[in-house]
Amino acid sequence: MTDTPAIAISDLRKRYAAGTEALRGVSLTVPRGELFALLGPNGAGKTTLIGVVTGLVTKTSGAVSVFGVDNAQEPEKTRTMIGLCGQEINFDPWMKPLDIVVNQAGYYGIPRSVAIPRAERILTDLGLWEKRDQIGFRLSGGMKRRLMIARALIHEPQLLILDEPTAGVDVELRRSMWDYLTKLTAQGITILLTTHYLEEAEQLAKHVAIINKGEIVANGTLEEILALHDGTSSGYSSGKLEDVFIQLTKEV
Amino acid sequence: MTPYQQYISFYTMLRKGVIRIFRIWSQTLLPSLVTSVLYFTVFGSILGSRIGSLNGVPYILFVVPGLIMLSVITNSFMEVASTFFFSKFFSRNIDEILVSPTPPWVIIAGFIASGVVRGMLIGALVLLVSLFFALPSVAHPLVVLLFLFLSSAVFALGGLVNGIFAKDFDGISIVPTFVLTPLVYLGGVFYSIHSLPPLWQTISLANPILYIINGFRYGFLGTSDVSLAVCTLVLFGMGAILTGINIYLLRQGLGLRQ
């Protein structure tokens, strides 16, 4: 079924043990085969939402399906379809990039004989093949970010989730990562991207959702979101999306 | 996941664990060897010669199985407890496995296998060290191997429970320091419980490690304070209980999934 969305979220709620209500009835559909940007200020619930989709966070109520498969009913199947590049650098810092990526393939049941040539291709694409035998913690910040993406792609997921992948990355590298993400979507991979860089969403995303205090406050195509612009400006020469973002997420 | 894919995932975890053990050998292997040399020197050569024999065997031969088991227990426990704790709190690379389709029982098996490898490796190395001080006979090699393997597995399972619950550094040092070590020392490493007053003999029987050390000692000496059947039963019982607890904890995601 080609019209089945990559992610379908319905009335998703998450209340942490400490009482914090991180998600308050989130409903969202991420179309397959394109880059979808999820924007929101710090603490809005972006990472919690991603955590629920990937199974790292247990939901309080609601439903999440990935390519039509319920992630509570068939978690193993949905996990096979998802590649996650989290916000924090979370690989074993004492391991080498090639081992990190090949081991990740192993956790998906992919033998080393298959994983090593695949890792060579992905690491080469991301400019890391020359660094394959260097200890992880010695890599630069940008290289670590790219290694996280390589690790998320090794099992050839249909859905790639990137939680602020360009945070702390210089402009040149960010642009090269944009090119790479565009290439991935051209290959049919759906990408859910959270970012603080609104120009990134403007450049890459067809659809955008804005989340604030655990609720989706805007959701639509980039054009539809930009149409929400009320004419006021922050006074800086930023893009219109930034004005809309501030307009929708500002404290009243 | 198919059984073959589960095997690949298990093998990946084991391979990673074993490489880590050898990569940081000065932290994982060396300390127990140094400690063992000291124990064999003090209790074997210096004090042992004054004590003479216990249960009909020279004192150093009596303590060899206990000292091997002391190293096996602490190493298999700490291997899993510390690896799991660090991957949960510091590098946070436990997420690598949690986002994958690897089922909980394979995750448990993968961590436990590393603990078993380290436990058995340490056991073999301490036995080698003991050869410099005495020539222990092995009455029942299969019993020795069975207890070496099962003890490593049981305490690796215990280490995993500890690693799952630990919330800070204290959390992984409290159990080994204040629970495990006293139980091992009071479990008959250095003495036979028959040398204790009747009340303390009865109290000692509540210590599960007593059965493990005595079962292992039976493998070497052919004699033990407790019957081999009871020792084996206790070991299997502990393994079954700890496996159940670990599966429950991982399925619930306690300490892992928020």
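Here are some worked exercises on the two chains shown above.

The model is predicted: local features need pLDDT of at least 70, side-chain atom pairs count only at pLDDT 80 or more, and totals for chains, interfaces and linings use all residues. Residues are numbered from 1 along each chain as its sequence is written, while chains are lettered from A and ligands numbered from 1 in the order in which they are written.

**Exercise 1. Describe the overall build of chain A.**

Start with the secondary structure, where helices (H or I, at least four residues) and strands (E, at least two) are DSSP runs numbered from the N terminus. Chain A has nine helices and ten strands. Its radius of gyration is 18 Å, close to the 18 Å of the globule rule for 252 residues, so chain A is as compact as a globular protein of that length. Here the radius is taken over C-alpha atoms, and the rule is 2.2 Å times the number of residues to the power 0.38. Next, the box: along the principal axes, the C-alpha atoms of chain A fill roughly 55 × 45 × 40 Å. Finally, 46% of the 252 residues of chain A count as buried, meaning that 20 or more other C-beta atoms, placed from the backbone, lie within 10 Å of a residue's own.

**Exercise 2. Work out the strand order of the six-stranded sheet and find its edges.**

Two strands pair if DSSP finds at least two bridges between them. Following the pairs in chain A gives an open sheet in the order S6-S7-S8-S3-S9-S10, with mixed pairing. Strand S6 (82–85) and strand S10 (215–221) of chain A each have a single partner strand, so one side of each is left without a neighbour in the sheet. Now look at S8(A) and its partners. S3 (residues 35–39) and S8 (residues 190–194) of chain A are parallel over four bridges, and A:Leu35 stands opposite A:Ile191. S7(A) and S8(A) are also parallel, over five bridges, with A:Leu160 opposite A:Ile191.

**Exercise 3. Is strand S8(A) buried or exposed?**

Count first: five of the five residues of S8(A) are buried, so this strand is largely enclosed by the rest of the structure. Then sort by direction: A:Thr190, A:Leu192 and A:Thr194 point one way, and A:Ile191 and A:Leu193 the other. In a regular strand, side chains alternate between the two faces of the sheet. To finish, list some contacts, counted when C-beta atoms placed from the backbone lie within 7 Å. Partners of A:Leu193 beyond four places in sequence include A:Leu35, A:Ala37, A:Leu162 and A:Leu204.

**Exercise 4. Trace how chain B meets chain A.**

First take the totals: 24 residues of chain B are in contact with 25 residues of chain A. On the chain B side, helix H1 (3–23) and helix H6 (94–98) are the elements that give two or more residues. H1(B) gives the most, with seven residues.

Then turn to the largest nonpolar core, a set of buried Ala, Val, Leu, Ile, Met, Phe, Trp, Tyr and Cys residues joined through C-beta atoms within 7 Å. This core has 146 residues, and those with the most contacts inside it include A:Leu193 and B:Ile112. Its largest share, 18 residues, comes from helix H5 (residues 59–89) of chain B.

Key
Two residues are in contact if their C-beta atoms, placed from the backbone, lie within 7 Å. A residue is buried if 20 or more other C-beta atoms lie within 10 Å of its own, exposed if 12 or fewer, and partly exposed in between; C-beta atoms are placed from the backbone.
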